[in-house]
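Please open the model in your viewer and keep the sequence panel at hand. The tour below proposes a series of selections and describes what each one shows.

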Amino acid sequence: MSSAVLQLLWGAVVLAAAATWALLAVRLGRTDGRGSASRTRGARSARPGPGDWGLVAAGAALLAARGGIVAALAAASVVFVQDRAWGLALSAVTAVAAVAAIALRLRVGPAFAGGAAVAAGAELMLVVVVGAPVPLWAGLAVTAAVVAATVVWAFVRLGTGRRPLAATIAAATVAVAALAAVGVGVVGRGALAQEGFQTHGHGAAPGTAAADAVAPPATPPSIPVSQLAGEPDAGAPRVSVVLRAQRQTIDLGAGAAVEAWTFGGLAGPAIVATEGDVLDVTLENVDVEAGVTAHWHGYPVPAAADGVAGVTQDAVRPGESFRTAFTLTRPGTYWYHTHQRGSEGVVRGLYGTLVVQPAGGQAEDVDVVLPVHTFGRTVVLGDSAGEQRTTAREGQSVRVRLINTDQQPQRFTVAGAPFRVLALDGADVETHEARDAAVEVPAGGRVDIGFRMPQAAVAVRAAASGTAAMVFATGDSPAPAAAAKDGRAFDPLTDVTASAPPDAATAAAIARAAASGGFDVDETYALDRLPRVVGGVPQYAYTVNGAVYPFVPSTVVGEGDVVRLTVVNRGFETHPMHPHGHTVRVLAVDGAAPASPLWLDTFDVGPGEVWEVAFVADNPGIWMDHCHNLEHAALGMVMHIAYRGVSTPFAHGGPAGNAPE
Ligand code: C2O
Ligand code: CU
């Protein structure tokens, strides 16, 4: 059973347990209130009937079931059970106390059964409000609430044996008030902290911006991220690009038009350059009030060029511009997009494509870039929602670079020719030939596919659209019928037979650390959905380790560190995780290693999945690491990987209104 299903099952069991104990408490209280025994001071409680013992048995069985589920979840990751284990211990203790009191016919029996019900409620609360990891104070406070409710129940009962209702109401009030107080504290966590992004990580992080403010004078001075601009090769050919951010009404073809924000036309200027070139970019903001930046998704740029508002630069306001230049050190398929109010700006169209051809030049006869984007309900491939054509003759080699600029995974189908996947996130891979298979691209991810032109036409279609297609053909030969879109999709975890690492030294360092378990930094992220205050507003937020941006502690690394990140998805949605500035190697998914090493910069962590990835910290800076479903990012799922000794002169908010998410 998957961890996602186990978590759902756990929820059902804990609710049933709370109901069982509550029912038992009420029944015992009632018999007692009516029974003659309770009228005599100091006498024992009424004898429990078979129905009561049935409820006790049910409560015990549900407790055992929870124990089993928690053990199974713990085998997948301790992150699934930190909160559940605490709650389970609380429930177990209260259940034992209740059963003992009932068996001994103590007059506090019903109160203790009520305590077990409150404990089951607290168990649920630890999971749906507090989340893992449970802060010590929250765990203790929840425990105190359960104890307090039980004690109040018992006291009121002992004094007013004939009024079980009064006891129940008093205890319930205490429990609800205490748990609500814990809830408010947890939900508001970070809301009262100073606005600004947190560079202090777990433990000491000397040299980071936040630490510097209070650092003893001995701390070495930190380098502002804006100075980490690299040195673009002066003698290299320069590719100059101007990105003009503007509001535009755009005709999407197939009868749809949209009020978009673009970098100058739909899907921006398509940048094509060659490895070794210097990309010289001037970003001008014509009239996008929200502000803009240009972030180079997946590309190993120097930190100052990363384009994250509030971290590596200020947002570029209307009338302003920002220039950056960096050497293109790696071939492959990439894209760029705004990283200021991304959840609005990217969705509205502030994105474009970046293709870096290998030093030897274009390898295929025909090379097409196909970014997919959804405007409202219209799915656009490249710059059209309709059918487009590219001329390709029989025998020619074709490469199609699929780029998902959306929030959700996108499926593509290929009809008319067998194909191979040639690259994932810009890195070359070898795979078997596929026929009638779909290709799925994570939000933010890229998949290059290649095929040899047959005599008839070939069509690449976006499965989410009935119309958007790229047809490869000579003349007007008819497009082939669409391939089945719900068939098996290419699976990078099993279908890659060989892959190219970003460089040999990186691959060797990670292999060494993986073999010995000797990672310099080992960090775990629990991704969850919890109520939290985001930007001053209470939200059903997307959290990392129970916190929301900008209050998630950064992962602090030193240059040269080999870093392992374990990402645990406790939620029921897919999170396309994307660390900036680095390529990660996937070590394992749910404990199983991929068939061949996989190098990615964006990976879909499905519901209940546990991904272990590793990278070498070889690009100093302060790098965002976030969910590329930008709606999730806007609701909190953002953090940073911060190099020790690097600070930022920029801040979240401020006069430029920096809001990268
Ligand atoms: Cu594609 Cu942080 O971005
Ligand atoms: Cu997400």
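The stops proceed from the whole chain to a helix pair, then to a sheet, and finally to a metal site.

**Whole protein**

Begin with the complete model, bearing in mind that it is predicted. Display the C-alpha atoms alone: they fill a box of roughly 100 × 65 × 50 Å along the principal axes. Switching to a cartoon representation reveals 11 helices and 33 strands. If the 661 residues are coloured by accessibility, 57% of them count as buried. Contacts may be considered next: among those between residues at least 6 apart in sequence, 77% join residues at least 24 apart.

**Helices α3 and α4**

Select residues 82–103, which form helix α3, together with residues 109–130, which form helix α4. How do the axes of these two helices cross? They come within 8 Å of each other, and the crossing angle is roughly 170°. Because angles over 145 degrees fall in that class, α3 is roughly antiparallel to α4. Now show the side chains where α3 meets α4: the residues of this contact comprise 16 nonpolar, 5 polar and 3 charged ones.

**The six-stranded sheet**

Move on to the open sheet of 6 strands, whose pairing is mixed. Traced across the sheet, the strand order is β23-β22-β25-β30-β27-β28. Which strands form the edges? Select 537–544 for β23 and 598–600 for β28; each of these edge strands pairs on one side only. Viewed across the sheet, neighbouring strands are turned by 30° against each other on average, direction ignored.

Within this sheet, isolate strand β22 (residues 521–534) and strand β25 (residues 562–569). The two run parallel and are joined by 7 bridges. To find a position along this pairing, select T524, which stands opposite T566 in β25.

**The copper site**

Finally, centre the view on ligand 2, a copper ion. Which protein atoms serve as its donors? They are ND1 of H575, SG of C627 and ND1 of H632, lying 2.0 Å from the ion. Along the chain, the donors follow the spacing H-x51-C-x4-H. H575 belongs to strand β26 (residues 575–579) and H632 to helix α11 (residues 630–634), so this pair ties together parts that are 57 residues apart in sequence. Are the two histidines buried or exposed? Both H575 and H632 are buried, that is, under 20% relative accessible area.

How values were computed. Residues are numbered from 1 along each chain as its sequence is written. Chains are lettered from A and ligands numbered from 1 in the order in which they are written. This is a predicted model: local features need pLDDT of at least 70, side-chain atom pairs count only at pLDDT 80 or more; totals for chains, interfaces and linings use all residues. Side-chain values use heavy atoms; hydrogens and water are left out. Axes are lines fitted to C-alpha atoms, for helices over the stretch in contact, and angles run from 0 to 180 degrees between N-to-C directions. Helices (H or I, at least four residues) and strands (E, at least two) are DSSP runs, numbered from the N terminus. Angles under 35 degrees count as roughly parallel, over 145 as roughly antiparallel, 65 to 115 as roughly perpendicular and the rest as oblique. Ala, Val, Leu, Ile, Met, Phe, Trp, Tyr, Cys and Pro count as nonpolar, Asp, Glu, Lys and Arg as charged, and the others, Gly among them, as polar. Donors are N, O and S atoms within 2.8 Å of the metal (3.2 Å for Na, K and Ca); water is not among the atoms, so sites may look incomplete. Buried means under 20% relative accessible area, exposed over 50%, partly exposed in between (1.4 Å probe, protein chains only). Two strands pair if DSSP finds at least two bridges between them. Contact means heavy atoms within 4.5 Å.
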